[in-house]
Amino acid sequence: MKVMKDGRVIAQVSDLQNFLKEANLSRDEVRVLYEPHEAEQLASGYIYTHYPQTKQNSDLADKLYYENLLKAAGVQNLEADIVAKVQSFYDGKSLEEVLADVDENHKEAYEQLTKVGIRVAWVQQCKRELKAAIAEEREPNFPKYPL
């Protein structure tokens, strides 16, 4: 990664913390530019910290189960409904508000599918932020984990 101060590269390092200590600099005094592979590792670490592979696997199983359950119950336009609920969540509604109109018999299934959608949308936001940061040669500012 490249370390910049006052608009110019002052070092290329692999251990930022050690460099800052040796150079007697604080993290706030510098800007860090990551190589694409370093930025991808940073993004993966951030995503997996909040959304580990085990949870992703569990979400996939939940998605298949609850989709089949709701489709067997005759629910129409399920995918569009879940996408709309996820968007409502990201537009500022609480999960409870998003699910307020759901029939009690289907509430658990809708809640699980909506949560899966929220987490997957968050991963996509992280990926978009990573691409933008690389293109703009800046540090990524990943979105906060939503759940």
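## Salt bridges, ring pairs and a loop aspartate

The count of salt bridges in this structure comes to eleven, where a salt bridge is a side-chain nitrogen of Lys or Arg within 4 Å of a carboxyl oxygen of Asp or Glu. Before we look at some of them, a word on the model. It is a predicted one, in which local features need pLDDT of at least 70 and side-chain atom pairs count only at pLDDT 80 or more, while totals for chains, interfaces and linings use all residues. Residues are numbered from 1 along each chain as its sequence is written, and side-chain values use heavy atoms, with hydrogens and water left out.

### Salt bridges

Side chains of opposite charge can pair when their charged atoms come close. Here are some of these pairs, with N to O distances.

| Acidic residue | Basic residue | Distance |
|---|---|---|
| Glu 29 | Lys 5 | 4.0 Å |
| Glu 67 | Lys 63 | 2.8 Å |
| Glu 129 | Arg 138 | 2.5 Å |

Which parts of the chain does the pair of Glu 29 and Lys 5 tie together? Glu 29 lies in the loop between helix 1 and strand 3 (31-33), and Lys 5 lies in strand 1 (residues 2-5), so their salt bridge joins parts that are 24 residues apart in sequence. Helices (H or I, at least four residues) and strands (E, at least two) are DSSP runs, numbered from the N terminus. Glu 29 is partly exposed at 38% relative accessibility, and Lys 5 is partly exposed at 25%. For these words, buried means under 20% relative accessible area, exposed means over 50%, and partly exposed is in between (1.4 Å probe, protein chains only).

Lys 63 and Glu 67 sit together in helix 3 (residues 53-72), four residues apart, which is about one turn of the helix. Is Glu 67 buried or exposed? With 14% relative accessibility, Glu 67 counts as buried, whereas Lys 63 is partly exposed at 33%.

In the pair of Glu 129 and Arg 138, Glu 129 is buried, with a relative accessible area of 15%, and Arg 138 is partly exposed, at 25%. Salt bridges also link Lys 55, Asp 59 and Arg 119 in a network.

### Aromatic pairs

How many aromatic pairs does a search of the whole structure find? The search finds five. Rings of Phe, Tyr and Trp (its six-membered ring) pair if their centres lie within 6.5 Å; planes under 30 degrees apart count as stacked, over 60 as edge-to-face and the rest as tilted.

Phe 89 and Tyr 90 make an edge-to-face pair, 5.5 Å centre to centre with 90° between the planes. Phe 89 is buried at 15% relative accessible area, and Tyr 90 is partly exposed at 28%.

Trp 122 and Tyr 145 are also edge-to-face, at 5.0 Å centre to centre and 90° between the planes. Trp 122 belongs to helix 6 (residues 107-135) and Tyr 145 to the segment after helix 6, so the pair ties together parts that are 23 residues apart in sequence. Trp 122 and Tyr 145 are both buried. Ring pairs join them with Tyr 46 and Phe 142 into a cluster.

### Asp 15 in its loop

Finally, let us visit Asp 15, found in the loop between strand 2 (8-12) and helix 1 (16-23). Asp 15 is partly exposed, at 40% relative accessibility. Which backbone nitrogens does its side chain reach? The side chain of Asp 15 lies 3.4 Å from the backbone nitrogen of Gln 17, and one of its polar atoms is 3.1 Å from the backbone nitrogen of Asn 18. The C-alpha atoms of Asp 15 and Met 1 are separated by 8.6 Å, with the two residues 14 apart along the chain.

Note on methods: Polar contact = N/O pair within 3.5 Å; in protein donor to acceptor, adjacent residues only side chain to side chain.
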